[in-house]
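Reader: I would like a close look at one part of this protein, the nonpolar core. Please set it in the context of the whole chain and follow a few residues in and out of it.

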Amino acid sequence: MFDHVSLGVADIARTRKFYDAALKPLGYTRLSDGETSLGYGDKDVGLWIGKSARPVKADSDSGLHFCLVAQNREAVDAFYASALAAGGADNGKPGVRADYSPTYYAAFVIDPDGYRIEAYCGK
């Protein structure tokens, strides 16, 4: 449905460090790199991140989050560990979310700007 999603952030260098580490286990890399923008994906950019003078303030009560596909459960685990090591915060350890489905395996983190990010595998 979506071609891409764009996020505005305050500190592009901090964001680059976080997303380079967090997305690598999921098979996503930085495909575009500039002083004020970053683009991540596997073959094409699906996540654009740009330096913004007024990023949308993260609000944990808003329900907004971004879910990224993982190829397997090990990738979800690695995403979670890498994201925390790169400055993210825990928002839900890796595990099955049986209330979603018996095979819904996911982990949740909060990026350095306060955005909620999920990695999910349905296997």
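Author: What follows goes from the whole chain to the core and then to single residues.

This is a predicted model, in which local features need pLDDT of at least 70 and side-chain atom pairs count only at pLDDT 80 or more, while totals for chains, interfaces and linings use all residues. Residues are numbered from 1 along each chain as its sequence is written, and side-chain values use heavy atoms, with hydrogens and water left out.

The protein has 2 helices and 8 strands; helices (H or I, at least four residues) and strands (E, at least two) are DSSP runs, numbered from the N terminus. Their order from the N terminus is β-α-β-β-β-β-α-β-β-β. The radius of gyration is 14 Å, close to the 14 Å that the globule rule gives for 123 residues, so the protein is as compact as a globular protein of that length. That radius is taken over C-alpha atoms, and the rule is 2.2 Å times the number of residues to the power 0.38. The C-alpha trace spans about 40 × 35 × 30 Å along its principal axes.

Of the 123 residues, 36% are buried. Buried means under 20% relative accessible area, exposed over 50%, and partly exposed in between (1.4 Å probe, protein chains only). Contact means heavy atoms within 4.5 Å. Among contacts between residues at least 6 apart in sequence, 55% join residues at least 24 apart.

Now the core itself. In soluble globular proteins, nonpolar side chains tend to be buried together. A nonpolar core here is a set of buried Ala, Val, Leu, Ile, Met, Phe, Trp, Tyr and Cys residues joined through side-chain atoms within 4.5 Å. The largest one has 29 residues, and those with the most contacts inside it are Tyr19, Leu23, Leu26, Ile49, Phe79 and Ile117. Both helix 1 (12-23) and helix 2 (73-85) are among the elements that give it two or more residues. The strands that do so are strand 1 (5-9), strand 3 (37-41), strand 4 (45-51), strand 5 (66-69), strand 7 (105-110) and strand 8 (116-121).

Two of these core residues can be followed further. Leu23, in helix 1, is buried, with a relative accessible area of 2%. Leaving out residues up to four places away in sequence, Leu23 touches Tyr28, Tyr40, Leu47 and Leu68. Its C-alpha atom is 9.9 Å from that of Asp42, 19 residues apart along the chain. Ile49, with neighbours within four places in sequence set aside, is in contact with Leu7, Val9, Ile12, Thr15, Tyr19, Thr36, Ser37, Leu38 and Tyr40. Tyr40 thus appears in the contact lists of Leu23 and Ile49.

For contrast, consider residues with more accessible area. Arg14 also lies in helix 1, but at 34% relative accessibility it counts as partly exposed. Beyond four places in sequence, Arg14 touches Pro112 and Asp113. Gly122, in the segment after strand 8, is partly exposed at 33% relative accessibility. Gly122 and Val69 are 53 residues apart in sequence and 8.8 Å apart in space, C-alpha to C-alpha. Val56 sits in the loop between strand 4 and strand 5 and is exposed, with a relative accessible area of 61%. From Val56 to Gln71 the separation is 15 residues in sequence and 30 Å in space, C-alpha to C-alpha.
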